[in-house]
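Here is a quick tour for anyone who likes to poke at side-chain geometry. Have a look at the model first, then read on.

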Amino acid sequence: MTEKETKKAGSSWINVAVDYGPLLVFLGVYRWFAPEQAEPIGELAAVIKGTMAFMVAAVVALAVSKWRLGKVSPMLWFSTALIVGFGALTVFFGDPVFVQLKPTIIYTVFGVALLAGVWRKRALLQILLEAAFEGLSQEGWLKLSRNWGVFFLLLALLNEGMRANMTFEGWLWAKLWVFLPLTFLFTFSQIPMLLKHGLTIEGVDEETRNPPPA
């Protein structure tokens, strides 16, 4: 493996750690403090402690992204702001629903923004990922933005459905075992379409292989 490939692989792992590390911290702290038997006060205390750890981990992840990658993506800025904001509301009001709403808001905002851009013939993903998809035609960018916009809205609906029908712990595990695999599968499902619209395999970098944060 060349030095360039080694650095690229390292960046990929850093991206994954930055995107999903705070969620794993949240889940770990919550499980550590959660009572063995269902008990409202103990459950709420575990949620609050997990939320506080989530907020700290999100800020650390943002700092690591800036330090190791030299940049912070707009998605990560937005996600961190919502984690801190809604986390503070969770701690203040003692209600975990604020943490659960964060993904719905992220997915809805990005989904609507991408579809609105496509309607205006503007591929907003091109602004964020142009360097990662060298050679991709304008039609390809529009289709990619459209597909991700629809996918984000479907994730928002899925999050709301799971939030309404699952326990808090079940919802947490679903973030790891449902949303993460779905996002990776969707990301790779787009490659055949991208190749038909000018993308070259040599032009795919770590941005292509790493999905947006959950």
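## Salt bridges, rings and a greasy spot

Helix α6 holds both E160 and R163, which sit 3 residues apart, about one turn of the helix. Their side chains meet in a salt bridge, 2.6 Å from N to O. Before going further, note that this is a predicted model.

E160 is partly exposed at 24% relative accessible area, and R163 is partly exposed too, at 23%. Side chains of opposite charge can pair when their charged atoms come close. The structure holds 3 salt bridges, and here they are:

| Pair | N to O distance |
|---|---|
| E160 and R163 | 2.6 Å |
| E169 and R31 | 3.2 Å |
| E139 and K143 | 3.4 Å |

Which parts of the chain does the pair of E169 and R31 link? The bridge between E169 and R31 links distant parts: E169 is in helix α7 (residues 168–189) and R31 in helix α1 (residues 3–33), 138 residues apart. E169 comes out as partly exposed at 23% relative accessibility, and R31 as partly exposed at 40%.

The bridge between E139 and K143 stays inside helix α6, with 4 residues, or about one helical turn, between the partners. E139 has 45% relative accessibility and counts as partly exposed; K143, at 25%, is also partly exposed.

Now zoom out for a moment. The chain has 9 helices and 0 strands, so read along the sequence it is simply α-α-α-α-α-α-α-α-α. Of its 214 residues, 46% count as buried. Take the contacts with a separation of 6 or more: 72% of them are between residues 24 or more positions apart. The accessible surface comes to about 11,500 Å², and carbon and sulfur atoms own 69% of that.

On to the rings. There are 13 aromatic pairs in the count. One of them is Y107 with F152: the ring centres are 6.1 Å apart and the planes meet at 20°, so the pair is stacked. Y107 belongs to helix α4 (residues 97–119) and F152 to helix α6 (residues 138–165), so this pair ties together parts 45 residues apart in sequence. Are these two residues buried or exposed? Y107 is buried at 2% relative accessibility, and F152 is buried at 4%.

W148 and F151 pair up edge-to-face, with 5.5 Å from centre to centre and 80° between the planes. Both lie in helix α6, 3 residues apart, which is about one turn of the helix. W148 is buried at 9% relative accessible area, and F151 is buried at 10%. Y107, F152, W148 and F151 belong to one aromatic cluster that also takes in F110, F179 and F186. A charge joins the picture at F179: K175 lies over the face of that ring, 4.7 Å from its centre.

Outside, L89, F92 and F93 make a nonpolar surface patch of about 350 Å². F92 is placed in helix α3 (residues 74–93) and is exposed, with a relative accessible area of 66%.

One polar residue to finish: Q126, in helix α5 (residues 124–129). Its relative accessibility is 18%, so Q126 counts as buried, the cut-off being under 20%. Leaving out residues up to four places away in sequence, Q126 touches Q138 and W141.

How values were computed:
Residues numbered from 1 in each chain as written. Predicted model: local features only at pLDDT ≥ 70, side-chain atom pairs only at ≥ 80, totals over all residues. Heavy atoms only, no water. Helix = DSSP H or I, 4+ residues; strand = E, 2+ residues; numbered from the N terminus. Buried < 20%, exposed > 50% of the residue type's maximum accessible area, 1.4 Å probe, protein only. Contact = heavy atoms within 4.5 Å. Areas by Shrake-Rupley, 256 points an atom, 1.4 Å probe, with all protein chains shown as cover. Patch = residues over 30% accessible without salt bridge, like charges linked within 9 Å, V, L, I, M, F, W, Y side chains within 5 Å. Salt bridge = Lys/Arg side-chain N within 4 Å of Asp/Glu carboxyl O. Phe/Tyr/Trp six-rings, centres within 6.5 Å; stacked < 30°, edge-to-face > 60°. Lys NZ or Arg CZ within 6 Å of the ring centre and 35° of its normal.
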